[in-house]
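Trainee: Could we go through this model together? I would like to see how the descriptive terms follow from the values.

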Amino acid sequence: MKNKKEVGMTLIVKTITRLTVGLILLYGIYIVLHGHISPGGGFAGGVIIALSFIHLMLAFGKEATLKKLSQTASSIIESLGALMFLSIALLGFLGGYFFFNFFLHKGSPFALFSAGIIPLCNIAISLKVGAGLFAIFAALVLFRGLGEKE
Amino acid sequence: MELQLLLLFMIFAAIVAVQIEDLLSSVIAVGAVGLGLSLVFLILKAPDLAITQLVVEILCLIILIRATINKDLALVRDGRWFFNTASTLLFIALFLIFAYFALQELPHFGQPIMRVAQEYINTGLAKTGATNIVAAIILDFRGYDTLGEATILFTAVMGVLAVIRKVGRINEK
Amino acid sequence: MSVYILCLVLFCIGLYAVLRKRNLIKIIIGLGIIEYAVNLFFVLIGYRQHGRAPILAKDQVILNMVDPLPQALVLTSIVIGLAVTALIVAIAIRLYEKYGTFDITKIRRLRG
């Protein structure tokens with residue numbers, strides 16, 4: 001049966017969303033990766049990545065977005081982010097402490113590959129925050145209680 | 001000077017958000033308070049916080065608007081309204097008076113005692129190699145707190161999914 | 001000194017909304033305002049007059065930075081506040097679905 005109902009928003013919103021949602025995702029990744037050089041870090045970048053997926057869901061409706069990033073996939077990515085952060089912390093046992101910055105050669109300042117474990121921790125935090133906030137939003141929007149059936 | 005002006009704007013927007021009866025308008029007024037707070041963070045020389053507060057405020061607005069879709073009728077005042085409001089205002093005035101005396105003990109605004117932070121600033125680049133001192137603090141000097149924060153986020157996501165999941169999931173029509 | 005008093009007045013407005021309002025959404029809004037005021041108070045304590053942002057620049061020796069320690073603490077607090085707000089909104093949606101109203105004086109029955 002063909003779906004004749006229009007889901008999501010109007011045509012103007014959908015066209016603009018197609019153009020900008022990739023740029024928002026790219027900007028979020030940029031803020032995460034440069035977290036140790038310029039302001040930002042894992043938390044702000046993770047929220048921006050979640051906002052790009054929420055933008056997609058608001059403009060195109062929930063079925064089209066859940067095909068791109070299903071709820072199972074987002075919970076797996078969130079758990080992976082938390083486990084990655086914890087394992088980076090536990091690897092400090094190699095040096096005798098917890099959370100030890102075990103890269104002995106810290107690189108030169110202002111370069112992208114510097115500062116030991118800090119970029120890796122930023123990536124782990126951003127995966128966790130982004131996937132977690134998208135899962136919260138998907139659950140709140142998809143909720144249809146008994147009183148809302150009509 | 002602009003700090004006081006922005007704070008007065010935030011107070012005015014907060015009073016509007018609390019007193020107005022339409023739920024959608026009060027949620028938008030809370031959005032104005034949050035965006036004003038982001039500007040204040042920028043004036044106080046905290047760029048990390050300004051970026052984070054801006055995007056978190058937008059997400060908080062979207063979630064709050066989802067909650068106010070189910071509108072409710074206007075509420076009537078019950079019998080003991082005058083006594084309740086007067087006692088609440090009295091308590092708040094008492095709190096502000098005691099807070100004024102307690103605030104005399106703080107250092108002056110603009111001259112912080114940076115005993116621990118001076119160590120972090122002096123040895124931050126040499127020990128961690130990061131040029132963003134705030135990132136070096138939250139991920140290297142005080143990594144435990146970030147681990148606790150990640151746990152809180154995880155628990156909150158689990159809590160939301162557990163509360164929502166009970167009855168009426170995706171209704172496949 | 002006056003900025004501290006203004007920040008505490010913002011806190012008191014949120015406190016008034018939590019204590020006196022009957023609509024559940026107004027209580028959530030009051031909690032949000034309290035959280036903004038507390039974060040602002042932390043960052044106000046760490047401000048230095050004519051200070052600079054705590055980020056090193058190339059080939060410059062910066063002597064007067066603002067205090068970076070309160071900023072590090074507030075950074076995680078902002079994201080935690082968002083997660084708590086989402087949890088409270090989820091509970092409020094379930095309460096509306098069960099009782100049909102947001103009025104807290106009517107949400108007192110123990111049986112469903």
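Mentor: Happily, and let us start with a helix pair in this predicted model. α1(B) packs against α2(C), residues 24-45 of chain C, at an angle of about 160°, and their axes are 9 Å apart.

Trainee: Why is α1(B) called roughly antiparallel to α2(C)?

Mentor: Angles over 145 degrees count as roughly antiparallel. The angle here is about 160°, so α1(B) earns that description relative to α2(C). Their crossing is left-handed.

Trainee: What makes the contact between these two helices?

Mentor: α1(B) brings B:A14, B:A17 and B:V18, while α2(C) brings C:K26, C:I29, C:G30 and C:I33. By class, that contact has five nonpolar, one polar and one charged residues.

Trainee: Why is one residue of this contact classed as polar?

Mentor: Gly counts as polar under the classes used, and C:G30 is among the contact residues of α2(C). Lys counts as charged, and C:K26 is also in the contact.

Trainee: How many residues does the whole contact between chains B and C take?

Mentor: Chain B gives 72 residues and chain C gives 68. On the chain B side, α1, α2, α3, α4, α5, α6 and α7 each supply at least two residues. The most come from α3(B), with eleven. This side of chain B divides into 50 nonpolar, 16 polar and six charged residues.

Trainee: And how do you know that chain B is built from helices?

Mentor: Chain B has seven helices and zero strands, running α-α-α-α-α-α-α from the N terminus.

How values were computed
Residues are numbered from 1 along each chain as its sequence is written. Chains are lettered from A and ligands numbered from 1 in the order in which they are written. This is a predicted model: local features need pLDDT of at least 70, side-chain atom pairs count only at pLDDT 80 or more; totals for chains, interfaces and linings use all residues. Helices (H or I, at least four residues) and strands (E, at least two) are DSSP runs, numbered from the N terminus. Two residues are in contact if their C-beta atoms, placed from the backbone, lie within 7 Å. Axes are lines fitted to C-alpha atoms, for helices over the stretch in contact, and angles run from 0 to 180 degrees between N-to-C directions. Angles under 35 degrees count as roughly parallel, over 145 as roughly antiparallel, 65 to 115 as roughly perpendicular and the rest as oblique. A crossing is left-handed if the near helix is turned anticlockwise from the far one by less than a right angle, and right-handed if clockwise.
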